[in-house]
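Here is a short report on one protein model, written for a reader who works with coordinates. It moves from an annotated span to helix packing, then to single residues and backbone geometry.

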Amino acid sequence: MRVLHFCKTYYPDSWGGIEQVIRQICVGTGRLGVTNDVLTLTRDGGPAQLEFEGHTVHRSPLNFEIASNAMSLAAIRRLAQLADKADVVHYHFPWPFADMAHFLARIDKPTVVTYHSDIVRQKTLMKVYTPLKRRFLNSVSAIVATSPNYLASSPVLTRYKDKTCAIPIGLDKAIYPRPRAEIKEQWRQRVGDRFFLFVGVLRYYKGLHILLDAVANTEFPVVIVGAGPIELELKQHAQRLGLKNVMFVGALDEEDKVALLELCYALAFPSHLRSEAFGISLLEGAMYGKPMISSEIGTGTTYINIDGDTGLVVPPSDSNAFRAAMRTLWDNPQLAAKMGQRAERRYWELFTAERMAYNYMQLYRELKKAAGVPQIIYPPLSP
């Protein structure tokens, strides 16, 4: 079985949530006998092909970008060449260029789309893009939502119920590094023993302004891991609020990130818009047994974090509610510890990479067998 993934950006160029999902799918299904190729765009040059954790990454040069829609003329030809050798072509939505490339490359293989998120922000461009999007989603063999919550709440996915299923994202804890004792001690000296942690790219939908407002005039220490387009804006906001209890540490390598995940008291995840379709770093918090605070936005975040069980869920864009949730966890260490234990147990029950890979393998087999819309009975997604 050979599967070709087509995505906008991938390792080593970028290290975001979708890249992590594709990595976990490739590593997990690779253990089940799938040969995975990833075709992606690069703005950084370097080799056209490289090996990464058992799969091959093919890189086409990015030519131009319009409203975050990266495009590459060379990628269309490469897509056609690689798809010819693949049993299944696996797209990762949203990326309008992939929709166009699918037709220009005349893909006639079984196709699956992992539907990571609705397009939330580009309202004007959506009027132009919608006909292409509908034609693309109509043409593919199967669509996968990353959580039952997103499947139920997406106005787009309701159009394609006959060929859509939910396969929750899973992570393989074994491929995360174990931080050395000296690394953990360095961070302990720098950030202390008890703090709230945020991990993620600093983007508009992450709601970090809400978190900063929430901790104003409190004693709650907060460590923010990540870089991104609104980093300067957030630091200026923290300065205006006079925050001395918030530390921006920038983008970190995996060992440092895991050290902070192991050290932190709880995960603060204030994303307030549906662009946050799942929340990989939220799931990482659960994987490391941490209680979580998140917002109810009708996406996978509330499939990971169950209010009152694995953490607390508050209304979106409500800094007072977020502050109250932080106070509840901060003042009740036993409650926080029990929530963290239940979060880790839920991770092992629902969110392992092994489980996700098994579900995708079943889907690939059905697609290859049917070469059309699959009628699949999936393993249960809840215990």
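The end C-alpha atoms of residues 180-345 lie 25 Å apart. By composition, this span is 47% helix and 15% strand. The boundaries come from UniProt, where an unreviewed entry lists residues 180-345 as "domain: Glycosyl transferase family". The coordinates belong to a predicted model.

**Helix packing**

Two helix pairs are described here. The first is α1 (residues 17-30) with α14 (residues 353-370). Their axes are 8 Å apart and meet at an angle of about 75°. That angle makes α1 roughly perpendicular to α14. On the α1 side, V21, Q24, I25, G28 and T29 make the contact. On the α14 side, the partners are A353, M356, A357, Y360 and Y364. Seven residues of this contact are nonpolar, three are polar and none is charged.

The second pair is α12 (residues 319-331) with α13 (residues 333-350). Here the axes are 5 Å apart, and the angle is about 100°. Again the reading is roughly perpendicular, α12 to α13. T328, L329, W330 and D331 of α12 touch P333, L335, A336 and M339 of α13. This contact divides into six nonpolar residues, one polar and one charged.

**Covered helices**

How many of the residues of helix α10 (residues 280-287) are buried? Eight of eight are, so the helix counts as mostly covered. The buried set is I280, S281, L282, L283, E284, G285, A286 and M287. Just after α10, G289 takes a positive phi of about 75°.

Helix α3 (residues 96-104) also has buried positions: F97, A98, D99, A101 and H102. R106 follows α3 with a positive phi near 55°.

**Buried side chains and their contacts**

H58 sits in strand β4 (residues 55-61). Its relative accessible area is 5%. Because the cut-off for buried is under 20%, H58 qualifies. The H58 side chain makes a polar contact with the side chain of D37, at 2.9 Å. Beyond its neighbours within four places in sequence, H58 is in contact with D37, V38, L39, T40, A48, Q49, R78 and L82. D37 is thus on that contact list as well as being the polar partner.

S154 is in the loop between α5 (148-153) and β10 (164-166). Is S154 buried or exposed? S154 is buried, with a relative accessible area of 0%. The side chain of S154 reaches the backbone nitrogen of L157 at 3.2 Å. With neighbours within four places in sequence left aside, S154 is in contact with Y115, D118 and R274.

Y303 is in helix α11 (residues 301-304). Y303 is buried too, at 9% relative accessible area. Y303 and K109 are 194 residues apart in sequence. In space, their C-alpha atoms are 32 Å apart.

**Backbone geometry**

Two cis peptide bonds come next. One joins Y11 and P12, with omega about 5°. P12 lies in the loop between β1 (2-6) and α1. Another runs from F93 to P94, with omega near 10°. P94 is in the loop between β7 (88-93) and α3.

Positive phi values in residues other than glycine are also listed. R106 has phi near 55°, and its place is the loop between α3 and β8 (111-115). R106 is exposed, with a relative accessible area of 73%. S317 has phi near 60°. S317 lies in the loop between β16 (311-314) and α12.

The table collects the relative accessible areas.

| Residue | Relative accessible area | State |
|---|---|---|
| S154 | 0% | buried |
| H58 | 5% | buried |
| Y303 | 9% | buried |
| R106 | 73% | exposed |

**Points to check in the viewer**

Which residues of α1 make the contact with α14? They are V21, Q24, I25, G28 and T29. Which atom does the side chain of S154 reach at 3.2 Å? It is the backbone nitrogen of L157. Where is S317? S317 is in the loop between β16 and α12.

Conventions: Residues numbered from 1 in each chain as written. Predicted model: local features only at pLDDT ≥ 70, side-chain atom pairs only at ≥ 80, totals over all residues. Heavy atoms only, no water. Axes fitted to C-alpha atoms, helices over the stretch in contact; angles between N-to-C directions. Helix = DSSP H or I, 4+ residues; strand = E, 2+ residues; numbered from the N terminus. Parallel < 35°, antiparallel > 145°, perpendicular 65-115°, else oblique. Contact = heavy atoms within 4.5 Å. Nonpolar A, V, L, I, M, F, W, Y, C, P; charged D, E, K, R; others polar. Buried < 20%, exposed > 50% of the residue type's maximum accessible area, 1.4 Å probe, protein only. UniProt positions renumbered as here; feature names shortened; annotations may be inferred. Polar contact = N/O pair within 3.5 Å; in protein donor to acceptor, adjacent residues only side chain to side chain.
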